[in-house]
Every structure is written in structure tokens, then in C-alpha cells.
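Here are my notes for a first look at this entry. Please read them with the viewer open.

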Amino acid sequence: MKSKRQIQKESTRQKIMDAAYKIYTREGFSASTAKIAREAGVSHGTVFAHFQSLNELLECMIGEFQNSLAAEFHEMEESSRSISDFLDVHLKILIDHEDFYLRLITERSLLPEEVQYVYADNQSAAAHHFNRMMLRERKNGTVKEIPVHMFFNTWLGLIHYYLWNKDFFSPEEPVLARYAGELKHTFLSLITK
């Protein structure tokens, strides 16, 4: 059983990560830790009492986001649902976090190298589950004979193109929510027999 102090420590750590998520979503990954501390309602020193460095905070925050995505993919793959269901779950997660995800894919190359590895590792885990599902579907004869890695890359390419060009496609509202149905339908028409 956790002590009151452990619970409080975990709560403060989560408040800092939640604040970082909000600040980075709004202002980008160059935002200061002082802003994060203000948003979390803690002293600036408290941020570094819970995270040894800014890189650790970024790694934890991005890792938590990517892990939730990979966990959903793993569950979908294990439950043997359809490709359509799989795409719906992916879109729902990205829609729920559209602004943060857009910031992440736009500024990824500006992040410290070890933070980029966290992103890449988790993206690879998601691709692994996605590709396993596609191999199963290819074996069942429901999808075309396309190199497996191209399924996930093509899907992400569609999503990222719309996100990067949000100002053209949907400047006033979330672009993925607006185009989710078309993105899914187009992707399925490209890969299914």
C-alpha cells in the first residue's frame, strides 16, 4: 500500500506532466519549464525534484502519450477486430490529441536526440501491431500484396499530410475529426481487394 507521501508525489509528478502537455501543445517544445511550473501550480524547483532534466520530462510525457497509443493498437490486434475498427481507434486517439500530435510531428526534429528515440521506439511499436494485423489480413486475402511496412507508412502519410496542411483543409476546426471518414475510406480503398 502506498503512503500518503508517495500518493502526493505521484500526483504532483502527474500534474507537472499534464501542465507540460498543455504548455507544449499551445507554445511548442521550446516553452520554458517556468511556464510549466506556473501551469502546474508548483515552484520551478519542484519540476526538477520530479524530473532530473527537461529531457526526462519530455521523454516521460511523450512516452506516456505514445504508450497509450501502442496499448490501444496491441489490444486491437489481440482482439482480432477488423482493419476498419483498428483505423477508427487510431483516428479517435489522434483526434483526442490532435493539437499535441501535430506539435509532436512538426517539431520532432527539434527535440533532443534521446527524446526523438522515445518517439521513434513507440511509433515502431504501433507500426509493429499495425503490420501484424495487415499480415493476418493479407493471409486471409482481404488486402493487396503490398510490402507490409508500406501499409502503416501510407496510413501515417495520409494523416500527417492533412495535419501539416490543416490551415488549407480545416482552419477553423480539427482537421482529423472533419476528414476521418474520408481518410479511412480512401486508405481502405487503396489496400483492400
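Which residues does histidine 160 touch, leaving aside those up to four places away in sequence?

1. Histidine 160 and its neighbours. The answer is Tyr101, Ile105 and Tyr119. This is a predicted model, so every contact here is computed from predicted coordinates. Histidine 160 lies in helix H8. Its relative accessibility is 10%, so histidine 160 counts as buried, the cut-off being under 20%.

2. Helix H6. Two of the partners of histidine 160, Tyr101 and Ile105, are among the buried residues of H6. The other buried residues of H6 are Glu98, Phe100, Leu102, Leu104 and Glu107. H6 is mostly covered, with seven of its 10 residues buried.

3. Overall make-up. The chain has 10 helices and zero strands. Read along the sequence, its pattern is α-α-α-α-α-α-α-α-α-α. The C-alpha atoms fill a box of roughly 60 × 45 × 25 Å along the principal axes. Of the 193 residues, 42% count as buried.

4. Sequence range of contacts. Take the contacts in the chain with a separation of 6 or more. Residues 24 or more positions apart account for 68% of them.

5. The nonpolar core. The largest nonpolar core has 59 residues. Tyr24, Phe29, Leu57, Ile62 and Phe130 have the most contacts inside this core. Several helices each supply at least two residues of the core: H1, H2, H4 (54-78), H5 (83-96), H6 (98-107), H7 (113-139), H8 (148-164) and H10 (175-191).

6. Phenylalanine 130. Look at this core residue next. Phenylalanine 130 touches Phe86, Leu87, Phe151, Phe152, Trp155 and Phe187. That list does not count residues up to four places away in sequence.

7. H5 against H8. Leu87 and Trp155, both touched by phenylalanine 130, also belong to the contact of H5 with H8. The two helices pack at an angle of about 35 degrees, and their axes are 13 Å apart. H5 passes H8 in a right-handed crossing. On the H5 side the contact is made by Leu87, His90, Leu91 and Leu94. On the H8 side it is made by Trp155, Leu156 and Ile159. By class, the contact has six nonpolar residues, one polar and no charged.

8. H1 against H2. The axes of H1 (residues 4-27) and H2 (residues 33-40) come within 8 Å and cross at roughly 120 degrees. That angle makes H1 oblique to H2. The crossing is right-handed. H1 brings Lys15, Ile16, Ala19, Ala20, Lys22, Ile23, Tyr24, Arg26 and Glu27 to the contact. H2 brings Lys35, Ile36, Glu39 and Ala40. The classes are seven nonpolar, no polar and six charged residues. One residue of this contact, Tyr24, is also among those with the most contacts inside the nonpolar core.

9. Alanine 49. Is alanine 49 buried or exposed? Alanine 49 sits in helix H3 (residues 44-50). Its relative accessibility is 59%, so alanine 49 counts as exposed, the cut-off being over 50%. Alanine 49 and arginine 13 are 36 residues apart in sequence. In space, their C-alpha atoms are 9.2 Å apart.

Notes:
Residues numbered from 1 in each chain as written. Predicted model: local features only at pLDDT ≥ 70, side-chain atom pairs only at ≥ 80, totals over all residues. Heavy atoms only, no water. Axes fitted to C-alpha atoms, helices over the stretch in contact; angles between N-to-C directions. Helix = DSSP H or I, 4+ residues; strand = E, 2+ residues; numbered from the N terminus. Parallel < 35°, antiparallel > 145°, perpendicular 65-115°, else oblique. Left-handed = near helix turned anticlockwise from the far one by under 90°. Contact = heavy atoms within 4.5 Å. Nonpolar A, V, L, I, M, F, W, Y, C, P; charged D, E, K, R; others polar. Core = buried A, V, L, I, M, F, W, Y, C linked by side-chain atoms within 4.5 Å. Buried < 20%, exposed > 50% of the residue type's maximum accessible area, 1.4 Å probe, protein only.
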